[in-house]
Amino acid sequence: APGPPASDALLARAKQALEQGDFPEARRQFVMAVALARDEGRLPVASTFGLAHVLYAQSYNREAAIVLERLAADAQMKGDADTEARALLD
């Protein structure tokens, strides 16, 4: 049986960096997790919300909005109305 997707390992590292207060590293790991999840054909929900959280904490509000808008668009294309709504609300 195949193991967990590679993007999950990056997501775990991003969360760990965030817990340690290392925002630059958390941001890097979240960015990579988002990209890899997309490459895997997955909707990068957790990694995108994590990235938006880090961006917002660093006062990159416009960038946070952009990543959430992209997630909403991706969710709409995949028919995931719940994720689309959540991304638009955040």
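A residue is termed buried when its relative accessible area is under 20%, exposed when over 50%, and partly exposed in between (1.4 Å probe, protein chains only). The model analysed here is predicted, so that local features need pLDDT of at least 70 and side-chain atom pairs count only at pLDDT 80 or more, while totals for chains, interfaces and linings use all residues. Residues are numbered from 1 along each chain as its sequence is written, and side-chain values use heavy atoms, with hydrogens and water left out.

Asp 74 is buried, with a relative accessible area of 17%. Asp 74 belongs to helix α4 (residues 61-78), helices being DSSP runs of H or I with at least four residues, numbered from the N terminus. Neighbours within four places in sequence aside, Asp 74 contacts Arg 38 and Leu 43, contact meaning heavy atoms within 4.5 Å.

The largest nonpolar core (buried Ala, Val, Leu, Ile, Met, Phe, Trp, Tyr and Cys residues joined through side-chain atoms within 4.5 Å) comprises 21 residues, of which Phe 30 and Leu 51 touch the most other members. Two or more residues of this core are given by each of α1 (6-19), α2 (23-39), α3 (45-57) and α4; the largest share, six residues, comes from α4. Beyond four places in sequence, Leu 51 touches Arg 27, Phe 30, Val 31, Val 34 and Val 67.

Charges over rings were assigned where NZ of Lys or CZ of Arg is within 6 Å of the ring centre and within 35 degrees of the ring normal. The charged end of Arg 27 sits over the ring of Tyr 60, 4.8 Å from its centre. Arg 86 lies over the face of Phe 49, with 3.8 Å to the ring centre.
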